[in-house]
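Would you like to see how the labels attached to a model can be traced back to the values behind them? Let's take some of them in turn, as questions and answers.

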Amino acid sequence: MVETNQLTQYLETFVDITRSPTEQDDSRKAIASSLDNDSLSINQLVREMELYLTTTDNVVRARGILLLAEVLDSLKAKPLTNAIVHTLVGFFSEKLADWRALRGALVGCLALMKRKDVAGVVTHIDAQAMAKSMLQNVQLQALAPHDRKLGFELLEFLLQQYSEAMSTMGNLLVYATCEAIDGEKDPQCLIVAFHLIELLAQLFPSPSGPLASDASDLFEVFGCYFPLHFTHTKDDETNIRREDLARGLSLAISSTPLFEPYAIPLLLEKLSSSLPIAKVDSLKCLKDCAMKYGVDRMKKHYGALWSALKDTFYSSTGTHLSFALESITSPGFEINEIHNEAVSLLQRLVEQDISFLGFVVEDIRINTVFDTISRYSQFRGMPDTSKLEVLVISQILSVSAKASVQSCNIIFQTFFFRLMNTLGIVEKTSNGDVVQNGNFTVSTRLYHGGLHLCIELLAASKDLTLGFEECSPTPDCAQESWCSMVKRFSVPLIQVFASAVYSSSDDSVADVYLGVKGLLTMGMFWGGSSPVSRSEFEKILVTLTSIITSKSGKTMVWELALKALVWIGSFIDRYHETDKARSYMSIVVDKLVSLACSGHCGLPYPMMLEATSEVCSTGSKYVEKMVLGLEEAFCSSLSDFYVNGNFKSVDKCSHLLGCLTNKLLPRVAEIDGLEKLLVHFAISMWNQIESCGVFSCDFNGGEFVEAAITIMGQIVGIALVDSQNSIIQKAYRVVLSSTLAAMESIPLTFVALEDLQRDLSTRDELILSLFASIIIAASPAASIPDARSLIHLFLVSLHKGYIPAAQALGSMVNKLGRGTGGTYITSGCSLEEACDIIFQADFASGEKISSNGSGKIICGSETTLSKICLGFCGSLEHQTHAITGLAWIGKGLLMRGDERVNEIALVLVECLKSTNCSGHALHPSAMKHAADAFSILMSDSEVCLNRKFHAVIRPLYKQRFFSKIVPILESLIMNFQTPLSRKMLHVALAHVISNVPVTVILDNTKKLQPMILEGLSVLSIDSVEKETLFSLLLVLSGTLTDTKGQQSAEDNAHIIIECLVKLTSYPNLMVVRETAIQCLLALLELPHRRIYPFRIQVLQAIAKSLDDPKRRVRGEAIKCRQAWASITSTNIPF
């Protein structure tokens, strides 16, 4: 039980208006909690609150009633007896007359209305009493917005939950609603008010009911809001959009046919408004009204509706008809929201009442369009008014035909024969410019307007059949008159469209566009009862395919025909057209795959592959046909090169592999079975390479090898582990059969490594590169046979200069399991064993890096690989190869978070010094490779060690490496080194800084900014490091646009400006000059006192940039000059 004193304290706190809202809310929650856990009953609460609920002190009484109401609101699921609920309803209903305590009364009434069914609810009699009190005592428009909202919500609940009780109030309810809404402006209140209109319409639907007698007054009250003018402000927390209000108003207007005499004239009037939003709202609302008012009510307005709709079509349609490639599956002209809503309304009216179509077919302007069509053969030769006529009427007839089967029949019966005559297709022999075609004569003259109208009508009937998809498995339209007419004229129509495709007139672009679009439309009728027979469909495919295989090159008609074939293929696959699929396979797919495999085609081979891949991607069976065909073509072409040394065959292989990589691999998730096909293709590649003993000559360039490496890695990357294992096993057998196997026995000694030459044959180099790409892309769970021997092979190859071998080693040390504590050990070789082989057991100590730069490379310098990197032995070529290889191995270890990378980093740092710790002088080329090794370590690679190729990536690995290596590089830069070594150290530091997440830079801006500025000065001396310079400048730019960086920039403003001014004239890279100017502009965010002294220096530098040869730089210079010049004004405080 709650103690009386404590309860009194809670009550006093809530009613005391001097207490903070937080204290009052805590008191309310405490009381509600006591009620909820039954330590306090509602009767006890009311007894204790009697003084607060009945006092003559208006403030205390209002607060007391509000407290009781809010407590009840938080206990909607708390069971209460019917007697208690009845008493509370009576109390709050009575208090609706107490205007000083009205908010509490409204909250209390709403809380009782919202109670759950199982917890005791308001009875119909009590609800009726509450409603009467509300209607008689509450003047909503006299209240504050929040209280008005509560009042509207209470009315809404009463109408929704107690409609039967509310219906007895009749005219009083309607009148009170009118009075409540009249003049309302608050969006939150309006959205509820509009819903009240809907509820009233549902409550009093009778034409002789209470709403009917006051319909005029009620519509006058809320109809004045149309069209709605409302702007959502940024600081508005209600999140009410104009669209929501407009939708609510539209539903209110269309809620009952009783509003029809007032609504339709208003909407038609607003439809003629010059405001686009008014037109859109009117069209949407008219559509709602047409649906809900019914045909009988709407019929009297058909004439005015048709006139307004027609004017809207004319005003919302442009005169430009696009003949571009992307328009082939669209109307071809720009469509705005007004046009879309007009289309929707016209379709609704025709669907609902076929008699409305009479206004369309009898319209004079529509019937005279055929004279316009026959007057001009070319669309561009038409005046704008005629173009508009053709486009608008095409849309109107298309939309009307699409509405229903009956409307489609009427449109075709009325206009199709006339259209055929206009196009010159007649069913009799006549003299003149015609040719005989069976029972038809077909004019050789093309009429663009007529073709466009014909295509729109055909597309409408086609879309109508596709709309039956949900209604029946196959549409049966054969008995419909529109279908009969299309079937009757299908042969000459296809002939007309085909002749347009092969047109060579002055406006051939329009001809071929309309021709291909017509053939596409004719080829996409659905179902066995299609008006286009199978033989005619096959003629369409033959026509389009012949364009693809012609010697015309990549012209407009070629691209259009290809897109049309792709759409037809996708249509067949989507709607499971079995017969058409067979035709498509035999005529299109087989033909293109055959030509792609043979290469005997007038087209350039890449175009032939593009067409084949686009067409075959439309269905899984087509993809299988293509992949198997290209697999056979690859094998035969590689064999041709092997036997005859035909370099054209190698080029063909390169294009073929590029097609698979660029066209099919990105869609492996979309096409069923593609992964298995590609895996089979990869294994076939290895089979063919295995069967080729020794190539008769070397490859002409590395394009083929690069394409083969790419696709092999991509296939392995997407393959399942079992498939990866199959590819690895096959590839390893080929490796064993080659001379590469002998390399596994080469000892890793100084003498042996010095004697190594780049003496791999063309075949062996291909095998090595392909096998490395497999290892790079394989999953950690894949099984690698004889991993120790492979590591040895890759290590020897690394010293020969084969970068893929180094990348493969990096991938292996990244993915191999640990000997102890790891999740698995791949192929019997652990990470520790691999590192022992690579570093000859001396490199496995994992010495920590010293942050002061004093770390000694003891173990690291004693390994063969490290000694070569440091110049102890071997040639310069061996040294650079070893440095690059060590970088890739280090990257693999770094990404998985292995401490061995620390010693690798120390070796690379030693290579940056002109004279290392052992007194050996390093060649500048070796130092350059060592500096770039830090880019390998830190940058994200596309070719290996990435998520696509299943790399093991430890979170924050870049941040950890940054924190260890940056202090060392900074210490070396600051303390000693020759100019060359100092430059290489800055290059290495720039690679680390530019590849770390920006948040790390911002957290260390104060320490890094001076080093960045010095690096920019050092790297800008020549053009060798221009790309590195730009990446470092981007880092500086990022610090200058962030608050943390700006704070540090204040202290270094003079150095930053001096550095950037020099870079504005950097001659070797345009983006450096552009970014430097942008940084100068960003400096204006610094305090005025910091930048003002340098304004003249900056303006002088920018003045030179105004004459920069690059336009982008000049544009940035103009903006920068204007901004810096403005701070010289005397009215800016110093």
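The questions below concern this predicted model.

Q: Why is the pair of phenylalanine 194 and tyrosine 225 called edge-to-face?
A: Planes over 60 degrees apart count as edge-to-face, provided the ring centres lie within 6.5 Å. Here the centres are 5.7 Å apart and the planes stand at 75°, so phenylalanine 194 and tyrosine 225 earn the label. By the rule for pairing, the count comes to 25 aromatic pairs.

Q: What makes this a link between distant parts of the chain, and where do phenylalanine 194 and tyrosine 225 sit?
A: The two residues are 31 residues apart. Phenylalanine 194 belongs to helix α11 (residues 187-203), while tyrosine 225 lies in the loop between α13 (215-223) and α14 (242-253). Both phenylalanine 194 and tyrosine 225 are buried.

Q: Why is the pair of tryptophan 482 and phenylalanine 525 called stacked?
A: The cut-off for stacked is planes under 30 degrees apart, again with centres within 6.5 Å. The rings of tryptophan 482 and phenylalanine 525 have planes at 25° and centres 6.3 Å apart, so the pair is stacked. This pair also joins distant parts of the chain: tryptophan 482 is in helix α26 (residues 481-501), and phenylalanine 525 is in the loop between α27 (508-522) and α28 (534-549), 43 residues apart. Both tryptophan 482 and phenylalanine 525 are buried.

Q: Which residues form one aromatic cluster with Trp482 and Phe525?
A: Phe412, Phe416, Phe417 and Phe489 join Trp482 and Phe525 in one aromatic cluster.

Q: How do you know that serine 461 is buried?
A: Buried means under 20% relative accessible area. Serine 461 has a value of 0%, so the label follows. This serine is found in helix α25 (residues 448-466). Setting aside residues up to four places away in sequence, serine 461 touches Cys408, Phe412, Trp482 and Phe525.

Q: What makes the approach of serine 461 to leucine 458 a polar contact?
A: The cut-off for such a contact is 3.5 Å between N or O atoms. The side chain of serine 461 reaches the backbone oxygen of leucine 458 at 2.8 Å.

Q: Why is glutamate 538 called partly exposed?
A: Partly exposed falls between the 20% limit for buried and the 50% limit for exposed. With a relative accessible area of 24%, glutamate 538 is therefore partly exposed. Glutamate 538 is found in helix α28. Beyond residues up to four places away in sequence, glutamate 538 touches Ser583 and Ile587.

Q: How do you know that the span of helix α34 is close to what is expected?
A: Helix α34 (residues 674-691) has 18 residues, and its first and last C-alpha atoms are 26 Å apart, close to the 26 Å expected at 1.5 Å a residue. Among its buried residues are Leu674, Phe681, Trp686 and Ile689. The buried residues of α34 pack against several helices, including α32 (620-644) and α39 (762-777).

Q: Which residues have the most contacts inside the largest nonpolar core?
A: Leu45 and Phe794 do, in a core of 408 residues. Helix α29 (residues 556-575) gives the most to this core, with 12 residues. Outside its neighbours within four places in sequence, phenylalanine 794 is in contact with residues including Leu768, Phe771 and Met812.

Q: How many disulfides does the structure hold?
A: The structure holds zero disulfides. Cysteine 944, for its part, has a relative accessible area of 0%, so cysteine 944 is buried.

Notes: Residues are numbered from 1 along each chain as its sequence is written. This is a predicted model: local features need pLDDT of at least 70, side-chain atom pairs count only at pLDDT 80 or more; totals for chains, interfaces and linings use all residues. Side-chain values use heavy atoms; hydrogens and water are left out. A disulfide is a pair of cysteine sulfur atoms within 2.5 Å. Buried means under 20% relative accessible area, exposed over 50%, partly exposed in between (1.4 Å probe, protein chains only). Helices (H or I, at least four residues) and strands (E, at least two) are DSSP runs, numbered from the N terminus. A polar contact is a pair of N or O atoms within 3.5 Å; within protein, one must be able to donate a hydrogen and the other to accept it, and residues adjacent in sequence count only if both atoms are side-chain atoms. Contact means heavy atoms within 4.5 Å. A nonpolar core is a set of buried Ala, Val, Leu, Ile, Met, Phe, Trp, Tyr and Cys residues joined through side-chain atoms within 4.5 Å. The expected span of a helix is 1.5 Å times one less than its number of residues. Rings of Phe, Tyr and Trp (its six-membered ring) pair if their centres lie within 6.5 Å; planes under 30 degrees apart count as stacked, over 60 as edge-to-face and the rest as tilted.
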